[in-house]
Structure formats: C-alpha cells, structure tokens
2 protein chains.
Amino acid sequence: MDQGESKTDRGVTERDFTVPCKDRSIPGVLWTPEGSTAPTPLVLIGHGGSGHKREDHLVALARRFVRHNTIAAATIDGPVHGDREPEELRSAPIEKRRKHLVGDRVTDSMVEDWKATLDALQKLPEIGIGRVGYWGLSMGTMFGLPFVASEPRIDVAVLGLMGPLGKDERLSNDAPQVTCPVLFLQQWDDELIPHDRSSELFGKIGSAEKCLHANPGLHSAVPREEFLDTQNFLARHLSA
Amino acid sequence: MDQGESKTDRGVTERDFTVPCKDRSIPGVLWTPEGSTAPTPLVLIGHGGSGHKREDHLVALARRFVRHNTIAAATIDGPVHGDREPEELRSAPIEKRRKHLVGDRVTDSMVEDWKATLDALQKLPEIGIGRVGYWGLSMGTMFGLPFVASEPRIDVAVLGLMGPLGKDERLSNDAPQVTCPVLFLQQWDDELIPHDRSSELFGKIGSAEKCLHANPGLHSAVPREEFLDTQNFLARHLSA
C-alpha cells in the first residue's frame, strides 16, 4: 500500500492511497480521526455510477463519520471511474462506459479490489482489526452487495437504489448471502430502478435485521434526512 | 366533554374522558405534561383491531410523548372496541365483530368521533390550539387515514400495516387527500396485509414528504426501534 501525504483539518486526517490487487492499482482515500489508535471502526464507501472517490457528498459523509462518530472512512474508485477511467472513455458516450460495468467478471474484480483494500487498511496502525461497515447506493450496491455477501468482516451495510438487472441474476443470487444488519434505501419514483425491482432485491436479502426506507422522488433525490439516518444506523452498529 | 379524576405519575397527568358525538358517547384517555399550559402539541393515537384505548403499548407510547417530548397524547376506543363493545359481541367469533368495522358508514362515524374528540380537547386550557399529530397502525390506519385525509388540523401522521381492503376503495380514494408528512410502517412478512398491498396504499398517499419503513416479520412484530422512530418522527414535526 502506498500512502500520499496526510493532511489534517478540524480533527480529520485525510490521505490518498493506492493498493495493489493482481495487475491493478486501486486508488483510494482514507479519512481517520486525528491521532486515532487501533482498533478504529471503519466504513467502506462505494460511489455511484459516473461518480468517483472524491465526490462532494461522499467526502462530506466520510468527514461526518470521523467528526461525529469517531469512525474512519475510506473510498476507492470503481472500475472505469475516477482515476481508473481510461483515456478513451473520457469523452465516450455513457453506453460505452456501461459495457465495462456489467457481468460477473467486473463484479468479481471489484469484490477483489475491496477485499485487498480492507486487507491493507486493517494493517495500518491507526485502523487495525475493528468493526467494519459498508455504505454504497446504486452502483455502490451493484458492486457492494456481492462484496458484502462474500466478506464476513462486514458487520453492517447501507445499500439501495438498485434491483436485479435485466437477466443478470448476480444480485438476486448473492442477496441471500448477505446476513449482517442492512438499511436499504429506495426512491419511490426512481426512473432508473423501478421501486418494485428494488423491493424485490430487498426481499431477497438474507439478513434477519433489515429495513427498507422508501421516499418519493427520482433516483438521485435521496432526502438529506435519509443520508443522516444511514450515518446514524452505521454508527449505532459500529460503535456497539 | 366529561372528565374523570386526574392522576399524576412521574410528570404525566392522566384522565379518562367521554365526548358526545351525535347519539354516541366516545370514551377516551388523555395524557398531558404535568402543569402544562396551552398551546401544547397533541398526538391522537388510534388503536388496532381487537385493541382498545388502554392497551399497554399505547399507554407506554403516550407516556413517552409526554415525558420525553412534552407532547400531550389521547386515545379513544374504536367502534365495537373497548368500552364501546356491545355485550353480544364479547364472546362472539371475530368474524361477527369484523362485520361492524367495514363500509363507509362506520368509517364516517369514526372520523366524526375523532373530529369531535379533537374539538373537545382543543377547548381544554392545558391543550389549546397547537400542532396536532396522528398515530395509528392497522385498524388505526383503516379509520385514521380517512380522518387525516379530511382533517386539516392534522400536521403529521404515522400510518401503516394496512392496504386497500378487497373491493372497498375508501382507503385508495382518500389517500391522495393526505398531504401532511407521513411515516408509513410496513411488515415485510405481514400475514394479514401482503406487503405489495400496503406499498400500493403508501404509493397513493398525496404527501410530498412521506417515507415507508419496511421490516421483516409478521403483522404484529413491528420492531421496537421502529416504534421509537415513529415517536421521534412525530416529535420532530410537532415541536418545530
């Protein structure tokens, strides 16, 4: 793991990092409580489609975890997103990018990326082996649900804005293997994922403790109140 | 309005009351903060089927509103429930009771009962004209949704565990007229109201601010955490 220079602002220490995984180099950002000592609870944050590891609302979420809950947070760029976006896709139509995001192969490699990232982070003296949560909506669930399903170190997860994708059964097949507490967000008027599809995915999640929160509005119009709820939900389970 | 003797226990003043409404006498209970002065926010609580105005979990909820949120709470018995249960129904099979609970006539009379109760309570010096919420699940939504839909004094509501009932379109027709903020509870494995039916009713509610919370479990297995959430939701809107 390579770490960039760390900067501290109002109690939050932030640094870039890269983690090697097979032939790939995974770029990420880590936020930790200033002067933290292991074990520190950690939330892994997966961004949505067309997003990246430093999106404003994810940085704000990560900083809130650190400042309000004394929980560390980390993001990584997804496949063909952020610093992993190949030159030729930068001005390409969205359909061309989508092609790189579907299928078991890309999902499996993103699951590997998250596992390698978690391995590396847990070796840091300021993180260690503590409780771990996952937070990811939309594409952050498309890749995050299979990760949570296959990773026993994840103690709690926030998922949502996603349903089974066409004929691809990966999410439906993996959902029953998710057994940690889950808060699942749904947008009632979601123009990308009809609410009955995301309900279907919620229904398949294996966790005994799971809760769906549905609000009116389009895919990206999750109310601020719900974002705060997801934070409180993770903090409650990670600080227990 | 006739009031019974008031008793005060740990900051909560409680009394029975009866309110006349047409040819009926509506029995209820009122909980107020000790020594409260108007205007005091008020929550009207509607019990579920086979329940009554003094069910343990409703008394506990009412007392929490008073003690934690300085909000008054009141319950009344529903038609053929509690003190309004006719002698001949007391040992009758449940089907016989159900016959008295369906149709516009009984719904309209329960709506009248709630309006008369609210009229009477707002005349009390310790209540006055403050913000008003409604809390009712299952039968508490079956009668409560039409009440909330037709009563502009209701500022916020907790509803749920209910869907359109067979061919009866009353709930579906009234739901678009509900426009206040609503938190709607759903039990994913509800054996009485299938979750797609309660989703359907949630979808028809007219409020711009509405949120559905779904949890695994049978009709009556609402998690304690959700009960606390409903309280916080009402308190946040009533104290604003």
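Start with the surface shared by the two chains: chain B and chain A bury about 1200 Å² between them, and 60% of that area lies on carbon and sulfur atoms. Keep in mind as you look around that this is a predicted model.

Now select the residues in contact. You should have 15 residues from chain B and 15 residues from chain A.

Next, colour the chain B side by secondary structure. Helix 7 (195–204), strand 10 (210–215) and helix 8 (224–238) of chain B each bring at least two residues to the side that touches chain A. Which of these elements of chain B gives the most? Strand 10 does, with six residues. Recolour by residue class, and the side of chain B that touches chain A shows seven nonpolar, four polar and four charged residues.

Stay with strand 10, and select residues 210–215 in chain A too. Strand 10 of chain A and strand 10 of chain B pair in the antiparallel sense, over three bridges. Zoom in on A:H213, and you will find B:H213 standing opposite, in strand 10 of chain B.

Then turn to the charged side chains. How many salt bridges are there between chain B and chain A? The count is two. To see a salt bridge for yourself, show the side chains of A:R236 and B:E225, which meet at 4.0 Å, N to O.

For a last stop, look for polar contacts: three residue pairs make them across the interface of chain B and chain A, with both residues at pLDDT 80 or more.

Technical notes. Residues are numbered from 1 along each chain as its sequence is written. Chains are lettered from A and ligands numbered from 1 in the order in which they are written. This is a predicted model: local features need pLDDT of at least 70, side-chain atom pairs count only at pLDDT 80 or more; totals for chains, interfaces and linings use all residues. Side-chain values use heavy atoms; hydrogens and water are left out. Contact means heavy atoms within 4.5 Å. Buried area is the accessible area (1.4 Å probe) that two parts lose on being put together, summed over both. A polar contact is a pair of N or O atoms within 3.5 Å; within protein, one must be able to donate a hydrogen and the other to accept it, and residues adjacent in sequence count only if both atoms are side-chain atoms. Helices (H or I, at least four residues) and strands (E, at least two) are DSSP runs, numbered from the N terminus. Ala, Val, Leu, Ile, Met, Phe, Trp, Tyr, Cys and Pro count as nonpolar, Asp, Glu, Lys and Arg as charged, and the others, Gly among them, as polar. Two strands pair if DSSP finds at least two bridges between them.
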